[in-house]
Amino acid sequence: LPRSVYECLKSKKLIEGCEDEMMMLGKALKCSNNESTLTPQSAMTALLGSLDDIDSNGNALLEAPILYKGRSVKAVCSTNGEVYIPPKEESTKDGEDEPENVDGLDEYNAVQECLRTGMDKEVCDSDTNNALNDADAIALDKWRQDMRGSALAGFQLAMRAGPLCEEPVQGVAVILESVEIAMRDDGTKQFTPAKELSGGMVVAALRSGIRCALLSRPARIVEGHLKLTLHSSLAGLGSLHAVLSKRRGRVVTDSMVDGTDLIQVTATIPQAESFGLAPELLKKSSGEVTAPELVFSHWEVLEEDPFWVPTTEEEREDHGDLTTASDSDALKYIRIVRSRKGLLVDSSKIVVAAEKQRTLSRKK
């Protein structure tokens, strides 16, 4: 979710300068089936009509009109008490068609047909051919009364702790498009949920779904930057720039101090790289650089994919045949944070059979 679009949704008015991003988001979400008639104002109106929740970190929960009107809420009358889940591509064999008499397949195809309308409210309002049957009406009532509030709580929990470092998520738009509920017929056309649906189940399901969706796309981490101010002589500038470049620092301004031979340097440095900065500067410059004064400056996105894998021959020659790039700063920070919080870290050593270990060397 772009920051300018988030500000428009937060203030409920179109802000100057965000027209292009609003149009891009409106076309991606199909706020109008006719792109020639789509305007930034109409796209914002469609998004505001579908807005369920918006937090202070730039995240928003949207409910598609087809779900709000109940067009994409389907009741699956299955014998095993579960909805249809499409198989993975690698699990299906070549030339083998999917059986037609599968519980929930028709409802799944009907939902996929509804999702093609996107976020266009007019198309949803004009679609009156498909009237809700008894089972779908009961499923819609179940969604509105018991499950919708729990889905909102699941969204808030997912945004509060992300999948990478269990830190708050920023700039994410979650769109609820359809709901399928497994129903059971007792023989008298009285449909009831096949399994008891509690609020905790809905919260956990939506939270897990959002976290998995975030990991399916390229993720980035946001790191804090500190502003440092120090004085250096001409002899200490070389070592100063070497230390800052090694710690991914950037010099903002440098100017001479009137009446002295000192240079005042203002730079920014990532907060994670600021530990031990003052002793290293004094050691490398032999005392030609003063101790820096550090204050918080801003947040900045680290443009590195922590799960990047070398694929081409040139990349494999430079980085080797690795499952992930071991020299990635983003992956290093994720492992440090997860280790500090006591979470599972993939780089930790796991002993499979500890009882089979033995010491070969004998200490005499």
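These are my notebook entries on what I looked up in this structure, taken one topic at a time.

**Overall make-up.** I began with the whole chain, keeping in mind that the model is predicted. I counted 12 helices and 10 strands in the secondary structure of the protein chain. The chain has 364 residues, and buried residues make up 35% of them. I then turned to contacts between residues with a separation of 6 or more, and found that 70% of these join residues 24 or more positions apart.

**The sheet with β2.** I looked next at an open sheet of 3 strands, whose order is β1-β2-β4 and whose pairing is mixed. The edges are taken by β1 (51–54) and β4 (173–176), and because each has a single partner strand, one side of each is left without a neighbour in the sheet. On average, and with direction ignored, neighbouring strands here are turned by 15 degrees against each other. I followed the pairing of β2 with β4, which is parallel and runs over 4 bridges, and I noted that Leu-61 has Val-174 in β4 as its bridge partner.

**Ala-60.** I stayed with strand β2 (residues 60–63), since I wanted to see the surroundings of Ala-60, which has its place there. Is Ala-60 buried or exposed? It counts as buried, because its relative accessibility is 0%. Leaving aside residues up to four places away in sequence, I found that Ala-60 touches several residues, among them Leu-1, Leu-51, Phe-155 and Val-174. Of these I checked Phe-155, which is 95 residues from Ala-60 in sequence, while the two C-alpha atoms are 9.0 Å apart in space.

**The sheet with β5.** I then went to another open sheet of 3 strands, in the order β3-β5-β6 and also with mixed pairing. Here β3 (73–77) and β6 (191–193) stand at the edges, and each has a single partner strand, so one side of each lacks a neighbour in the sheet. The average turn between neighbouring strands of this sheet, direction ignored, is 45 degrees. I saw that β3 and strand β5 (residues 179–185) run parallel and are joined by 5 bridges, with Val-73 standing opposite Val-179 in β5.

**Helix α7.** Which strands does α7 lie across, I asked, beginning with the sheet that holds β2? Helix α7 lies across β1, β2 and β4, and runs at about 150 degrees to β2. I found that this helix, residues 134–160, also lies across β3, β5 and β6, at about 120 degrees to β3.

**Ser-4.** For a residue early in the chain I chose Ser-4, which is found in helix α1 (residues 3–11). Its relative accessible area is 22%, so I entered Ser-4 as partly exposed. Beyond residues up to four places away in sequence, Ser-4 touches Cys-18 and Glu-21. I also noted Met-22, 18 residues from Ser-4 along the chain, with 8.3 Å between their C-alpha atoms.

**The largest pocket.** Last, I looked up the largest pocket, in which about 1500 Å³ of space lies. I found 39 residues in its lining, with Glu-167, Pro-168, Arg-220, Ile-221 and Val-222 nearest its centre. The elements giving two or more residues to this lining are α8 (199–215), β7 (221–232), β10 (293–302) and α12 (329–341), and the largest share, 5 residues, comes from α12. By class, I recorded 23 nonpolar, 8 polar and 8 charged residues in the lining of the largest pocket.

Key: Residues are numbered from 1 along each chain as its sequence is written. This is a predicted model: local features need pLDDT of at least 70, side-chain atom pairs count only at pLDDT 80 or more; totals for chains, interfaces and linings use all residues. Side-chain values use heavy atoms; hydrogens and water are left out. Two strands pair if DSSP finds at least two bridges between them. Axes are lines fitted to C-alpha atoms, for helices over the stretch in contact, and angles run from 0 to 180 degrees between N-to-C directions. Contact means heavy atoms within 4.5 Å. On a 1 Å grid over the protein atoms alone, a cavity is a set of points where a 1.4 Å probe fits but cannot get out, and a pocket is an open set with protein on both sides within 12 Å along at least five of seven lines; lining residues have an atom within 4 Å of a point. Grid points are joined across faces, edges and corners, and a volume is the space filled by probe spheres set on the points. Ala, Val, Leu, Ile, Met, Phe, Trp, Tyr, Cys and Pro count as nonpolar, Asp, Glu, Lys and Arg as charged, and the others, Gly among them, as polar. Buried means under 20% relative accessible area, exposed over 50%, partly exposed in between (1.4 Å probe, protein chains only).
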